[in-house]
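Here are my notes for you, as promised. Have the model open while you read, and click along as we go.

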Amino acid sequence: MSIVEINFDGIVGPSHNYAGLSLGNLAATRNQGKVSYPREAALQGLAKMRGNMEMGLVQGFFLPLPRPDAHWPQDMALDASADPALRAARFSASSMWTANAATVSPAPDTKDGRCHLSVANLVSMPHRSIEWPDTLKQLQLAFADETHFAVHGPIRPCFGDEGAANHMRFCESHGDAGVEVFVYGRPGGPFPARQHEQASRAIARKHSLSADRALFIEQSPEAIAAGAFHNDVVAVANERVLFTHERAFADQAGALRKIRSACPWVEIVEVPEDAVSLDDAIASYLFNAQLITPPDGVMTLIVPSECEASPPVKAWLDTMVAGNGPIRRVHVVDVRESMANGGGPACLRLRVACDPATVDPRFLLDKGKATRIESVIAAHWPSQIDPADLETGALADQVREARAALIEALDLMELR
């Protein structure tokens, strides 16, 4: 079996809007009420996927979830008197950020030699709590081969779980056994700590990870308070490398010692506060980047264009690439529509290390599928959405029809 890392990006859904539903996500709340551009957003995401393929990476995708959600209005007894945020939740396109879809433990790490995936319950935010049943359906379809995969349901909702955005993995290469790091938060700050320690520990047990293959580290409360609602806003890992802000973890020195003890070969690139402040790191999403190893072996950081617009971040990146560190290349992508809702390149993808031959091929991107997806987006995605449009039946019909056209184009009728 040839294990490689596959990035499964979420196709940005036709209901992409700026309703400002995510407490603690500063970009989402800052842009609340603005006009969104779903067609442009989806094409930006598709361009990023195409760029990954051009670098030689295996690229997968997940479809937008059914919107408006059919069950939410009845479950919440919604009517005109209900909170507008609750009414807007049924249109949420936040499943585009597939880093929150699940937590993944590749086969080399697990006792039964299968890749384990646990769908995230996302209970901290009402608009995201409705995602997991439809996400689970896609995971069960894409990874249906039970010889190679074990797909698990969500952790009990008393313990919040937000998926791979709070999970890192260190290994010599993706096909080797690794050490998995689960990052959790503690309540008490101005914004909710979305990843519960007990959720992380339960997932490690579900995935049959031995004690020496699972570390549990607390996220910095000040990072959460500053707007780092997930760990991947302040730290990202790839193979032997950890790229982190110096204020990412509650006990930074202790966290790095723990990682070095479990992985003596780890290479840590730590960005100091006096070079890039926590605020600048979060505003630019420097760490919400894809850190990848293309086939040419040159470790590459895929960053949003906002990083080039930030003088301290741009200066740090230039210095890093000019040095002799493990990250040798920076690739810039335009995902402005996603960024305006609080999701950078890392948010848009779920990393699954496995043999591509074991995945349902309908979920793997190639040039032909990319062209078909682009055609559907151009023909059916709304060009723009004002939050007031979320109350109209016309938008609901257009969103449903757009998703149906995509399902038909990709021959994924099981997801109707």
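The points below go through strands, then cysteines, then a pocket.

1. Before anything else, keep in mind that this is a predicted model. Everything that follows is computed from it.

2. Let's start with a pair of strands from far apart in the numbering. Strand β1 covers residues 4–10, and it pairs with β15 in the antiparallel sense, over 6 bridges. If you want one spot to click on, try Ile6, whose bridge partner in β15 is Val352.

3. Stay with β15 for a moment. This strand spans residues 349–354, and 5 of its 6 residues are buried, so "mostly covered" is a fair description.

4. Now for a sheet. What is the order of the strands in the open sheet of 3 strands? Going across, you meet β6, β7 and β8 in the order β6-β7-β8, and the pairing is mixed. The edges are β6 (167–170) and β8 (214–218), each of which pairs on one side only. From one strand to the next, the twist averages 25°.

5. A reminder on the vocabulary: strands of a sheet pair through backbone hydrogen bonds, and they do so either parallel or antiparallel. In this sheet, β7 (residues 179–184) and β8 run parallel, joined by 5 bridges. Look for Val183, which stands opposite Ile217 in β8.

6. On to the cysteines. How many disulfides does the structure hold? The count is 0. Take Cys307 as a case: the closest cysteine sulfur to its own belongs to Cys347 and is 13 Å away, which is too far for a bond because a disulfide needs the two sulfur atoms within 2.5 Å.

7. Is Cys307 buried or exposed? Cys307 is buried, with a relative accessible area of 0%. Cys158, on the other hand, is exposed, at a relative accessible area of 57%. The cut-offs behind those words are under 20% for buried and over 50% for exposed.

8. Last stop, the largest pocket. Rolling a probe the size of a water molecule over the atoms shows where empty space is left. The largest pocket has about 220 Å³ of space. It is lined by 14 residues, and the closest to its centre are Ala27, Arg30, Ile282, Ala283 and Tyr285. Two elements give two or more residues to this lining: α1 (26–30) and α10 (278–284).

9. What classes of residue make up that lining? The lining of the largest pocket has 8 nonpolar residues, along with 3 polar and 3 charged ones. Try colouring the pocket by class and finding them yourself.

Notes: Residues are numbered from 1 along each chain as its sequence is written. This is a predicted model: local features need pLDDT of at least 70, side-chain atom pairs count only at pLDDT 80 or more; totals for chains, interfaces and linings use all residues. Side-chain values use heavy atoms; hydrogens and water are left out. On a 1 Å grid over the protein atoms alone, a cavity is a set of points where a 1.4 Å probe fits but cannot get out, and a pocket is an open set with protein on both sides within 12 Å along at least five of seven lines; lining residues have an atom within 4 Å of a point. Grid points are joined across faces, edges and corners, and a volume is the space filled by probe spheres set on the points. Helices (H or I, at least four residues) and strands (E, at least two) are DSSP runs, numbered from the N terminus. Ala, Val, Leu, Ile, Met, Phe, Trp, Tyr, Cys and Pro count as nonpolar, Asp, Glu, Lys and Arg as charged, and the others, Gly among them, as polar. Buried means under 20% relative accessible area, exposed over 50%, partly exposed in between (1.4 Å probe, protein chains only). Two strands pair if DSSP finds at least two bridges between them. Axes are lines fitted to C-alpha atoms, for helices over the stretch in contact, and angles run from 0 to 180 degrees between N-to-C directions.
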